[in-house]
Amino acid sequence: MARVIVGTAGHIDHGKSTLVRALTGTDPDRLPEEKKRGITIDLGYAFFGDVAAIIDVPGHEKLIRNMVAGAATIDFALLVIAADDGVMPQTTEHLQILRLLGVQRGAIVLTKCDAVEAEWLDLVEDQVRTAVQATFLESSPIFRVDSLSGRGIDDLRERLTQMLVALPARSAHGVFRLPIDRIFVIKGRGSVVTGTILSGSIQKDTRLAVLPGGFDVRVKRLETQGAEAEQLHAGQRAALNLMGDTDSLERGRTLTIPGALLSSPRVKVAIELIASVEPLKDRQRVRFLVGTQEVIGRVQILERPDPALLYANLLLEEETVAVWGDHFVLRRYSPLETLGGGRVLEPAAARLRARDLADEIAFARALNTPSVHDALFAFLRYRARAGIPVSALAASFGTTAADVLRLCAKIPNAKAIQIGEFLILDSRVKELQSEVQARLSALHRKSPESRGFSRAEVKSGNLGDLPDTILDHVMQSMIAEGSVVQEGPLLREPERRILLTPAQQELNSLVLSELRKAAFAPPSSTVIAETLRRTRPEVEKSLVLLERLGHCRRLGLDLFFETQSFDNAVEIVRAALQSSPELTVAEASRLLTSSRKYVVPFLEYLDNKGITQREGNVRIRGRSFA
């Protein structure tokens, strides 16, 4: 089955459709109006045996939108020029569009050769050679044919077959992607869409997403070259009979696997401008033609490195679907004129903030490369400072998560690591380690009396946007290296200890003495403050510090026990349950020389630790008693 797409190009009435009919036996003009007026209005299709599918495009200047929708997916161009006219305005514009769309192979066909003298043909051929200088057609063969008489058609067919079978097949990598270029309804079957499969493959009964829009459909039947197929691949023309929400289908939408691609109203691009047009202005309104879609938007210029190139974000009035490296055409909003074209750099660009302009320019420059490895590295460098989901990176490149991981493993001079669902550069992890270290140092300076800091305290500040998965990896790696110490839920620098002023040490000693004297009936912070003639906040701070230093145990908001008294109480309860199978609150109060106010929260603490277990109004040995 044909897996090469050939596209015609050229001025109106230069014989493109007649040439396709002569080569294939199929009339690509299908609309009644086309047949009546003798001009191509919309895209036409024919198959060149099992070698290629041919897309015939309209040549009229007002139908450039339709021409781009057809030319956007071709592998090989046939530039058609009538011998009696020579190079005309749309010849030049179509040639520019083909170049901007990244077409790299093709041939030139002079049609209507029976209508002119041989000397004139030589002059036209010289004119054509001049017109295609410095383009992908510069060294391409020129064929002289007359489609009506058949002159030169057999030779063209033979030579064209040789050139097409020698073309490399499209890569099998990537997710299924088909920009819709035609929609119709077949009675008894329902909606059918056609298009060229840009990447991946498709089988019957597959569920697909329609983007933009996000609604789902299911493939009921597949066809190519008029025959039913079980599976179709990248590079093939496909007709898909769809079931589901088909009322919203239209040219310009893309069929793909659900969740595989992004649609966005903002696209970062590199624009190559045509030398003959006026320079683009910032915020100028334009028409963005990508795939089979045309969207109106404005140009937000990032940088203009030279008169023929600029980097920009396109702010579109509708969402569009693209992947890194897709080619596009840019036209003036009004009057209609092709301004240039280029490559998609970031299919779902972030909103531009003034403080980020320098980084966004550097990012755009780095993305404007033919190397997918370099482009992936750029995404990891500029968009993965807090990690980037593998799925988002895959969607930006129109490929699978497995392919992204495989490609990232081959990025030269850089190491990308996977942490959960995220990818991040190893060098960035080291930067984050330094940021965590700096954050801990700042916290220690601010609270030198603290024994350590919670994960939430460390994450606040510059690390606030970091996903928990990434932060946990960074912290665990630092703990493993010994640059951070974890004690329970708290984190600290290895050399840090609680530093107390002499005055604080003196107050702590006095407060601890009051707790020790009271044994298992400790006074509240208010009572201690009155006794020591200090303020309550001073005493509360001292109690917290004593608890952090391990000199007391805290069981409630204002309930602190001196550690030795607390530990003695635990042993008294253990001894009681060794000699008796159960213990009441009253018995525990008697043994501890205390009251229910202190004994009840103490026993509840022992319950939580598993040392005791409550059964009704008594305690028995818990699971951790031994």
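In the predicted model, Gly152 touches Arg144 and Val145, when residues up to four places away in sequence are not counted. Gly152 has its place in the loop between β6 (142-144) and α6 (153-165), and at 27% relative accessibility this glycine counts as partly exposed, since the buried class is confined to values under 20% and the exposed class to values over 50%. Across a separation of 41 residues in sequence, the C-alpha atoms of Gly152 and Thr111 are 9.6 Å apart in space.

Strand β21 (residues 338-346) presents an enclosed element: 9 of its 9 residues are buried, so the strand is largely enclosed by the rest of the structure. Strand β16 (residues 263-273) runs antiparallel to β21 and is joined to it by 6 bridges, with Val269 having Val344 of β21 as its bridge partner. Strand β20 (residues 327-332) is likewise antiparallel to β21, through 5 bridges, and here Val329 is partnered by Gly341. β20 and β21 form a hairpin, with 5 residues between the two strands.

Aromatic contacts were examined next, and the count comes to 11 aromatic pairs. The ring centres of Trp324 and Phe397 are 5.4 Å apart and the ring planes stand at 40 degrees, so this pair is classed as tilted. The pair links distant parts of the chain, 73 residues apart, with Trp324 in the loop between β19 (309-321) and β20 and Phe397 in helix α9 (residues 390-397); both Trp324 and Phe397 are buried. In the pair of Phe363 and Phe379, the centres are 5.3 Å apart and the planes lie at 85 degrees, so the arrangement is edge-to-face. Phe363 belongs to helix α7 (residues 357-367) and Phe379 to helix α8 (residues 372-383), so the pair ties together parts that are 16 residues apart in sequence. Phe363 and Phe379 are each buried. Further along the chain, one aromatic cluster is formed by Phe520, Phe561, Phe566, Tyr598, Phe602 and Tyr605.

Helix α16 (residues 536-548) comprises 13 residues and reaches 18 Å from its first C-alpha to its last, close to the 18 Å expected at 1.5 Å a residue. Val539, Ser542, Leu543, Leu545 and Leu546 of α16 are buried; seen down the helix axis, the buried residues fall within an arc of 165 degrees, so they line one face of α16. These buried residues pack against two helices, α14 (502-518) and α15 (525-532), and against two strands, β27 (552-556) and β28 (559-562). α16 is followed by Gly550, which has a positive phi near 85 degrees.

An open sheet is formed by 3 strands in the order β29-β31-β30, with antiparallel pairing. Its edge strands are β29 (583-584) and β30 (612-615), each of which pairs on one side only. Strand β31 (residues 618-621) and β30 run antiparallel and are joined by 4 bridges, and Glu615 stands opposite Val618 in β31. Helix α17 (residues 563-579) packs on this sheet, touching β29, β30 and β31, and its direction makes about 85 degrees with that of β31. Helix α19 (residues 596-609) also packs on the sheet, where it touches β30 and β31, and its direction makes about 110 degrees with that of β30.

Note on methods:
Residues are numbered from 1 along each chain as its sequence is written. This is a predicted model: local features need pLDDT of at least 70, side-chain atom pairs count only at pLDDT 80 or more; totals for chains, interfaces and linings use all residues. Side-chain values use heavy atoms; hydrogens and water are left out. The expected span of a helix is 1.5 Å times one less than its number of residues. Buried means under 20% relative accessible area, exposed over 50%, partly exposed in between (1.4 Å probe, protein chains only). The arc is that of the directions from the helix axis to the C-beta atoms. Contact means heavy atoms within 4.5 Å. Two strands pair if DSSP finds at least two bridges between them. Axes are lines fitted to C-alpha atoms, for helices over the stretch in contact, and angles run from 0 to 180 degrees between N-to-C directions. Rings of Phe, Tyr and Trp (its six-membered ring) pair if their centres lie within 6.5 Å; planes under 30 degrees apart count as stacked, over 60 as edge-to-face and the rest as tilted.
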